[in-house]
Amino acid sequence: MLLGLLTSVVIYHTGNSIAAKTQGLITQKLPTYDLLRQLNNDVIEQERFLYEFYATEDFAQFNSGYKKTKTSVQLALAKLTEEFGPIPPLRSAEKGLFEFDQTTDAFIDNISSPATNWSLAREHLQQLSVTRSEITPQIQTLIRLTQSDVSTEQKDISLALDKVSFFVVFYALATMVVVYSIMRAWKAYIASAAHSERLSLFPKRNPNPVISLDVNNQVTFSNPASDKFLEKIGHTKGQAHLLLANNIKHYQQAILTDENLDSMMFEYAIADRFVQCEIHWLNDQQQWDIHLTDITSRKQVEKELKYRASHDPDTGLKKRHELQKAVVELSVEKNSFCFGVVEIRSYGQLVSTNGLTTASEVVKQVGLSLQYLVTHDTQHSLEAYRIGEKSFALLVSDSHEIIPSLIQDIDSYIDEQDFSHQYQVKLDYGFACYPMHGGEYAELHINAMAALDRSARTNDKSFVVFDPELGAKLAYQQQLTVDLVKAISLQEFELYFQPQLSLHTRQIIGAEVLIRWQRNGQWVSPAEFIPLAESAGLIVELGDWILQTACEKARSYFSDSYQNAVVAVNISPLQFGRPDFLDKVRDVLKTSGLAPKNLELEITEGVIIYNEQETIDTLVALKELGVKLAIDDFGTGYSSLSYLKKFDIDKLKIDQSFIRSIQIDRADQSIVRTIIELGRNFELQLIAEGVEEQSQLNLLKSMGCDEIQGYFFSRPLPEADFEQFLAKYDQQR
Ligand code: C2E
Ligand code: MG
Ligand code: MG
């Protein structure tokens, strides 16, 4: 403002001086300048008029022009005297003009007289020219004087104008700078004001409780969220100290004693809620700041996840690793206890008659029943666990004598339940007791499983307690497994081929490959060692060898006469489930040179019943490759035909157990008939296994069965015999 005032005063004064100077210039200097120039012209004109008069002697014309200029000269002189005062050039000009007038008068008189003296007239004219030439410089001097005055005035005005412009520009710039600085300062002020406002409002607006304590742990501040939280847990407002952890001093002490620590975080429960507390020591303010966060829902999720990790969500029973932990704990205490494994009897039949959904529901109900018994039975100190899809485990902290009464209690409770209208649930139990049957979890589990296996195979017994005889079987199996490893590395196996016959064309339509193993000069049944190879993880290596060898042999046997014959290779579920199985098949076909249509893979229902996406993908890819697929031992597993629709299966192999007594057993006949009819509906080829007699063959043929395999047509043959068999059969036809 001061600057503006100052600048205005300067501009006002300068403006005034410009105005005054401009006025003087316009009203005085410029007219004087014009007057002088006019005077100069008038004098020259007068001289001209005189010369013309001399030449023409026309007084009238001379007088009118001369008089005008003379009056103008006199007026000019008067004005100039007023303007300049008695300055020398003006005085000289006046004097010259006076002389000029006098000479003029004499000249006029002479010319106008009747006896004009012409030489005098010429003298006069000369005299006049001299005088005029003396006047003109004086007038010029006066003109210059005026000019110099005008230019001085001009300079002054221009300087003054510059001054005004400078001040105006300076003022404008100064105003801009001042306004900019003010704006910046204002903005910074507003920002800092908002920041401090926000800071001061932060705890107030914080949705979580914020509490400040003084050095004596007295609450000095608590925000509205603290009151809300207090109300949530049933207290009244303003009692923020109730939100503090009981052991808060412990954390305060830790912070105060460690100079690198100024805050700590811990969790605790308040009423039915959990909070996370962050405590800060503000040394400069000698104050504790406490921030609480309600973490109840997070804790609940964590609890739920922890529960799910250790418990089966269907039944609420603990899972397998909880069982392992419990066994370790009990064995450390050295008290005797019994370890039981429980499964539903004939689970496969349950699945095939009622479907997987119902079967799973039954398993769940059994689990819930066990859970109920665990919580309500105080007699046996029983614990139950879910250890697999369809299996449970029991731990009884007692000796094995307790087992029969325990089983009776469980069975009678299960009998009372109405799980499924069509199915009477029966359980199989296998027990191994500590320390008699094993000192560690693994051993107890294996032995209990062996006992369960025995129980499942015997119809009369629902439970089996492990005994040394079972142990001997286990030992034998262990030895067999060791020998199997050796046999694989030494390639002690042979492949036998069992021809398959078409009942329509009476042609050999293929052969099933069956592995043979001579151990110490004794044949071991594949039914015995294949399951062992599977459980010992040896089946993949063995299976690869079988597949490769079978395809190589088939390539050489299936010459022109057997172009469409298939070599049927048994594939173990473990082998099939390998991610590289498809690549293996591709490789084998490539290296052996066997056409895909000549290879048939025999898989069991178990492979596809659970419809794992990988299984489905592999089956689809195999079909795309051109390989044939057969379901082996059909009728013994889940026998659910609905899944056959989903998969592009080529053939069903009716299990030999239905063929064995088909001539006499009506039930078997009706099962086989149904399988054949269903197979037809799905456009599947049907082959009967284990056909030993003509009567069986006739019956199957009348039922519409397509093919047979069995001792009646041929036993499984060693390679050389098989080759001969093919050649001979070809010749006979
Ligand atoms: P499978 O695949 O159902 O094989 C048919 C079984 O029935 C063979 O027993 C065969 O010798 C036998 N058999 C054939 N015709 C008759 C007959 O007329 N009467 C009777 N009583 N039996 C007959 P084997 O060779 O002892 O094989 C038993 C099982 O071992 C096979 O059942 C199959 O599951 C498995 N197995 C055999 N060889 C292999 C193999 O190379 N790989 C795999 N993964 N498993 C194999
Ligand atoms: Mg087979
Ligand atoms: Mg079979």
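Five strands make up an open sheet in the order S7-S8-S6-S9-S10, and their pairing is mixed. This is a predicted model, so here is a friendly tour of that sheet, of another open sheet with antiparallel pairing, of a packed pair of helices, H14 and H16, and of the surroundings of ligand 1.

**The mixed sheet**

- At the edges of the S7-S8-S6-S9-S10 sheet sit strand S7 (382-386) and strand S10 (463-465), each of them pairing on one side only.
- From one strand to the next, the twist averages 20°.
- Strand S9 (residues 427-434) runs parallel to its partner S10, and three bridges link the two.
- Within this part of the sheet, Phe 431 has Val 465 of S10 as its bridge partner.
- Helix H11 (residues 441-457) lies across strand S6 (337-344), S9 and S10, and its direction makes an angle of about 145° with S9.

**The antiparallel sheet**

- Here, too, five strands form an open sheet, with the order S2-S1-S5-S4-S3 and antiparallel pairing.
- Strand S2 (219-222) and strand S3 (263-270) are its edge strands, each paired on one side only.
- Ignoring direction, neighbouring strands of this sheet are turned against each other by 25° on average.
- Strand S4 (residues 273-282) and strand S5 (residues 287-294) run antiparallel and are joined by eight bridges.
- Gln 276 finds its bridge partner in Thr 293 of S5.
- Helix H7 (residues 296-310) lies across S3, S4 and S5, at about 125° to S4.

**A helix pair**

- Helix H14 (residues 539-557) packs with helix H16 (residues 581-592) at an angle of about 30°, and the two axes are 9 Å apart.
- The crossing of H14 and H16 is right-handed.
- On the H14 side, the contact is made by Asp 544, Leu 547, Gln 548, Cys 551, Glu 552 and Arg 555, while H16 brings Lys 584, Val 585, Val 588, Thr 591 and Ser 592.
- By character, the residues of this contact divide into four nonpolar, three polar and four charged.

**Around ligand 1**

- Ligand 1 has 22 residues around it, of which Gln 498, Arg 516, Gln 656, Glu 692 and Tyr 711 come nearest.
- Glu 692 places a polar side-chain atom 2.6 Å from a nitrogen atom of ligand 1.
- For Asp 633, a polar side-chain atom lies 3.1 Å from an oxygen atom of the ligand.
- In the side chain of Glu 689, an N or O atom is 3.0 Å from an oxygen atom of ligand 1.

How values were computed
Residues are numbered from 1 along each chain as its sequence is written. Chains are lettered from A and ligands numbered from 1 in the order in which they are written. This is a predicted model: local features need pLDDT of at least 70, side-chain atom pairs count only at pLDDT 80 or more; totals for chains, interfaces and linings use all residues. Side-chain values use heavy atoms; hydrogens and water are left out. Two strands pair if DSSP finds at least two bridges between them. Helices (H or I, at least four residues) and strands (E, at least two) are DSSP runs, numbered from the N terminus. Axes are lines fitted to C-alpha atoms, for helices over the stretch in contact, and angles run from 0 to 180 degrees between N-to-C directions. Contact means heavy atoms within 4.5 Å. A crossing is left-handed if the near helix is turned anticlockwise from the far one by less than a right angle, and right-handed if clockwise. Ala, Val, Leu, Ile, Met, Phe, Trp, Tyr, Cys and Pro count as nonpolar, Asp, Glu, Lys and Arg as charged, and the others, Gly among them, as polar. A residue is near a molecule or strand if one of its heavy atoms lies within 4 Å of it. A polar contact is a pair of N or O atoms within 3.5 Å; within protein, one must be able to donate a hydrogen and the other to accept it, and residues adjacent in sequence count only if both atoms are side-chain atoms.
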